[in-house]
Each structure stands twice: as structure tokens, then as C-alpha cells.
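The following note sets out a few points for discussion with a colleague. The points concern helix packing and the ligand site.

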Amino acid sequence: MVRNIYEGKKFPKVEMPSCPIERKLKGQTAIVTGASSGIGKAVAIAMGHAGAQVIVNYNHGEDAVYKEVIPEIQRCGSKAIGFQADVSKEDQVLAMFAQAKKEYDTVDILINNAGLQQDAAFDEMTLAQWQKVIDVNLTGQFLCAREAVREFKRRGVRKEISCAAGKIICISSVHEVIPWAGHVNYASSKGGVMLMMKSIAQEVAPYRIRVNSVCPGAIKTPINTAAWATPEAEKELLKLIPYQRVGEPDDIARVVVWLASDDADYIHGESIFVDGGMTLYPGFATGG
Ligand code: BGC
């Protein structure tokens with residue numbers, strides 16, 4: 001039997017600070033798309049904790065935005081507003097950027113997060129399922145990135161705020177490189193995000209606009225509940241994760257805040273995988 005070496009011992013109680021992230025983004029304005037749940041929600045809160053004022057974009061999930069995300073950002077002393085917009089619709093994206101500028105004068109950071117899955121076997125996938133996923137995951141990121149670049153170029157660098165004129169972080173996926181049967185629309189959209197991000201990065205670098213992606217692996221969010229919510233499902237999923245734990249939204253949020261900060265000023269055009277090793281071909285640990 002394994003002895004519990006901690007049993008019966010007294011340890012000091014450690015209180016987590018209530019706004020744990022250093023205020024590295026003070027004075028900056030961030031738009032976070034798809035921020036009513038999952039990764040977007042965690043990122044919006046972390047941006048606020050880091051001192052940014054946040055435009056909390058959502059299409060659905062208004063309740064969570066106004067009852068959880070915005071109050072938590074305000075609790076830590078940062079400002080936030082909610083804005084409903086479908087990122088795949090050009091007029092709605094333009095309206096969101098106009099509102100952000102009206103409210104906070106300019107935009108410094110775009111977190112291109114809004115995304116969805118509509119899974120189907122390839123030969124059963126409807127054009128509507130294909131189109132919807134491409135529209136939101138890829139065209140939505142294009143529309144928001146284009147508005148952000150227009151604003152960053154117009155305003156230029158303000159040294160007292162950041163070394164860069166602006167930062168764009170695309171939330172991609174391990175599936176920008178891992179093919180995914182039954183999810184052809186989704187993997188295609190994320191493969192598209194990869195080269196969209198890198199091509200924009202190449203084009204706008206001289207304006208000191210930084211463009212990167214964060215590529216999450218399996219993170220516990222509503223998009224993939226079926227993959228981790230039961231012990232059996234989680235056991236199966238862990239076969240794909242060498243680090244042997246399913247990720248949490250905060251695992252992504254912390255990296256996003258750092259990547260948006262001047263600490264990461266020389267990182268440009270990169271896809272940063274935050275996946276517990278999912279992209280390490282774990283099957284080869286025993287096979288091959
Ligand atoms: C998908 C999840 C999936 C993960 C790893 C993500 O991009 O949205 O559903 O669990 O990739 O496969």
C-alpha cells in the first residue's frame with residue numbers, strides 16, 4: 001500500500017492572489033472575440049486582470065458576458081464592455097471596431113478567438129456545415145484582423161503603451177497541422193488560419209504589427225465536452241496527450257497574455273502550440 005506522507009501534517013495555507021496576473025497590458029485596449037465561454041472567456045478575464053480594457057465580443061451567451069466576464073474584469077479594476085457581433089458578418093465587425101474606438105479611442109490587441117465545430121463524416125457533410133465553419137473560423141478571423149490592421153497602421157506605435165503598433169493573436173488549434181477525420185471543415189479552417197496568420201505577419205511586420213497564433217490542444221471547454229466529461233472519455237483522450245492532463249482554459253489565457261505583452265516583442269509569425277505534447281505523435285512512444 002502507498003503511504004500518504006502528507007497525512008496528519010500541518011502546512012501553511014496559501015491564498016491565491018485574487019487578480020493573479022501582473023498588469024503587463026495596462027493602458028491597452030483588447031478585443032476578444034467569442035468571449036462568452038471556453039477559451040475566449042478565460043482570455044477576456046485574463047486580459048482584464050493584466051490591466052487591459054476589454055471589448056468582450058459574443059454572438060450567443062449574453063448572460064455569461066454580463067454576469068461573469070465583465071464583473072470579474074471590473075472587480076480587478078479594469079474596464080470592459082460587451083458587444084454582440086457575428087464575426088463572419090462584415091457590417092457587424094465594422095460596428096464592433098467603431099464602438100471600441102468610440103469607447104476607448106483605439107484598439108491595441110485583437111484576440112481572434114471565435115470559432116465553432118460542426119462535425120460530420122466527410123461524405124455526409126453538407127455544404128451548410130462546411131460553409132458555416134469556414135465563415136466563422138476563417139473569414140471571421142480575416143474580417144477582424146483586417147480591421148485591426150487598419151487601426152494599428154492609422155495610429156502607429158505609442159512608445160509609452162507598447163513597443164508594437166498592435167498585436168493580433170489568432171486562436172488556432174493543433175488541427176492546423178494534425179489532420180482530423182470527421183472534422184474536415186474544422187481542420188481546413190485552422191489550416192487556413194495558419195497561412196492567413198503567417199501571410200499577414202509577413203506583410204505587416206514593417207509597421208510593427210505583431211501577428212501570431214496560439215494553437216490549443218484538448219482544453220476543457222463546451223466545444224469538446226464529449227471528449228473529456230466521463231472518466232472513460234478522458235482515459236481515451238489522455239492517450240493523445242503525453243503530459244497526461246487535459247488542458248484548462250487558463251493554460252491558454254496565460255500564454256495569450258504573455259504573447260500580447262512586450263515580453264514577447266520579438267515573436268512574430270509563430271504558431272505556439274499549447275497542447276501538453278499532443279503534436280508529438282504520441283502513438284510513436286510505443287509504436288513505429
Ligand atoms: C478542438 C477540440 C479538440 C482539440 C484536440 C480543438 O481545436 O476544438 O474539440 O478536443 O482540438 O483534438
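1. The model is predicted, and the points below should be read accordingly. In the contact between two of its helices, α4 contributes Q129, W130, V133, I134, N137, L138, Q141, F142, A145 and V149. Their partners in α5 are V184, N185, Y186, S188, S189, K190, G192, V193, M196, I200 and V204. Sorted by class, this contact comprises 13 nonpolar, 7 polar and 1 charged residues.

2. As to geometry, α4 spans residues 127-155 and α5 spans residues 184-204. Their axes are 8 Å apart and enclose an angle of about 15 degrees. Because angles under 35 degrees count as roughly parallel, α4 and α5 are described as roughly parallel to each other. Their crossing is right-handed.

3. A second helix pair consists of α1 (residues 38-49) and α2 (residues 62-75), packed at an angle of about 15 degrees with axes 8 Å apart. This angle makes α1 roughly parallel to α2. The crossing of α1 past α2 is right-handed. From α1, the residues in contact are K41, A44, I45, G48 and H49, and from α2 they are E68, V69, E72 and I73. By class, 4 are nonpolar, 2 polar and 3 charged.

4. The ligand is surrounded by Q117, S173, H175, W180, Y186, G217, A218, I223, N224 and M278. Among them, Y186 also takes part in the contact of α5 with α4.

5. Which side chains place a polar atom by an oxygen atom of the ligand? S173 does so at 2.6 Å, H175 has a side-chain N or O atom at 2.7 Å, and N224 has a polar side-chain atom at 3.2 Å.

Definitions and conventions: Residues numbered from 1 in each chain as written. Predicted model: local features only at pLDDT ≥ 70, side-chain atom pairs only at ≥ 80, totals over all residues. Heavy atoms only, no water. Axes fitted to C-alpha atoms, helices over the stretch in contact; angles between N-to-C directions. Helix = DSSP H or I, 4+ residues; strand = E, 2+ residues; numbered from the N terminus. Parallel < 35°, antiparallel > 145°, perpendicular 65-115°, else oblique. Left-handed = near helix turned anticlockwise from the far one by under 90°. Contact = heavy atoms within 4.5 Å. Nonpolar A, V, L, I, M, F, W, Y, C, P; charged D, E, K, R; others polar. Near = heavy atom within 4 Å. Polar contact = N/O pair within 3.5 Å; in protein donor to acceptor, adjacent residues only side chain to side chain.
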